[in-house]
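Me: Hey, can you help me look for empty space in this protein? I'm new to this.

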Amino acid sequence: ERPEENGHQNKRLKRDVDEEDAEDQNKKSPKRKIVLLMAYSGKGYHGMQRNVGSSQFKTIEDDLVSALVQSGCIPENHGEDMKKMSFQRCARTDKGVSAAGQIVSLKVRLIDDILEKINNHLPSHIRILGLKRVTGGFNSKNKCDARTYSYMLPTFAFAHKDHDVQEEVYRLDKETLEKVNKLLACYKGTHNFHNFTSQKGPKDPSAKRYIMEMYCGEPFVRENIEFAVIKVKGQSFMMHQIRKMIGLVIAIVKGYAAESIIERSWGEEKVDVPKAPGLGLVLERVHFEKYNRRFGNDGLHEPLEWTDEEEKIAVFKEQYIYPTIINTEREEKSMVNWLNTLSIHDFNSSAVGIQANNKNSK
């Protein structure tokens, strides 16, 4: 054989060997259904969910999918078509919203040191903190029976509108905190939240949502500003729902709206409900109580609880989520600017009332 032919043959042999190696590797690590526990700081991202074909709006999933491909957990074509890996996120967080306990379910090759390899290809403000094997038909969105969010806000948001408040000096008193908690507790139970989202009418059955708990914790001081964290646990939430629930309570406590507006907002009329800034909102954890009861102790699967990862979650929040909220608030004054818009809202008249007034003036 002539030398150049020999060279071609060697190349061909090498290619065959490489392909066989890849096949062997795939056989050694067949695809398995898993869940990943994720934490991320959402600043600068257009939410969690990937918008294939619209690259100017960067999402958390863009970075995640890229890391999964680069680490060798999924083939490249799965990145383009996420259905191929049965990808499902538990909650779609909005633009700028962070998460400390987001869950995604997908099929991957269980390579060695998988978490380390994925994290090596992720920016430091997105981390995979845990991994568990789940049943083949598991879908993190459908199997999730509750979600807990927190909302961190400077307490001067609750100062009465008639008081001249200096942001760094303001401290929340016990009576005001009690009032805030009394109002937040009104949301518990099942209500028609059509006024707390867009594009849903009062007759839409999907506007009915079940809230298990909602309360504001004790305030604490960071960087000279006092903050507090509101926790809310519900079956599921609609777009902007939590921010509007909090926005309405702030409007009442500040003296812009009457307490009766909460009851009124569940009725059929359209009520003007203000939407608090997205900055302080964090997806804290997602709950799989039914799944855990059924599969958590079947000897094959682990319950989807993350007690071993609690410390890592706490460290991530202290390192990436809280500083982002605090620094952005100080620099961009998102809460201050939003509070200045509350006086523009019309909390007294219903849509029906406004139409009647318009007719009369005509």
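Me: How much space lies in the second largest pocket?
Reply: About 300 Å³. This is a predicted model, where local features need pLDDT of at least 70 and side-chain atom pairs count only at pLDDT 80 or more, while totals for chains, interfaces and linings use all residues. Residues are numbered from 1 along each chain as its sequence is written, and side-chain values use heavy atoms, with hydrogens and water left out.

Me: OK, and what's a pocket?
Reply: On a 1 Å grid over the protein atoms alone, a pocket is an open set of points with protein on both sides within 12 Å along at least five of seven lines. A cavity is a set of points where a 1.4 Å probe fits but cannot get out, and lining residues have an atom within 4 Å of a point. Points are joined across faces, edges and corners, and a volume is the space filled by probe spheres set on them.

Me: Which residues are closest to the centre of the second largest pocket?
Reply: Lys 43, Lys 95, Gly 96, Gly 278 and Leu 279, out of 18 that line it. Helix α9 (residues 310-332) gives the largest share of that lining, five residues. Helices here are DSSP runs (H or I, at least four residues), strands are too (E, at least two), and both are numbered from the N terminus.

Me: Where does that pocket lie relative to the domains?
Reply: The second largest pocket lies between domain 1 (31-133) and domain 2 (146-289 + 313-344), because both give residues to its lining. Those bounds come from an automatic or database domain assignment.

Me: And the largest pocket, what's its volume?
Reply: About 810 Å³. It has 33 lining residues, and Ala 91, Arg 92, Phe 237, Met 238 and Met 239 lie nearest its centre. The largest share of the lining, three residues, comes from α6.

Me: Switching topic: which residue does UniProt list as "active site"?
Reply: The unreviewed UniProt entry lists Asp 94; such annotations may be inferred rather than shown by experiment. Asp 94 sits in the loop between β2 and β3 (98-109).

Me: What does Asp 94 touch?
Reply: Beyond its neighbours within four places in sequence, Asp 94 is in contact (heavy atoms within 4.5 Å) with Gly 47, Met 239, His 240 and Arg 243.

Me: Last one: how many cavities of 30 Å³ or more are there?
Reply: One. The largest cavity has a volume of about 60 Å³, and β5 gives the most to its lining, with four residues.
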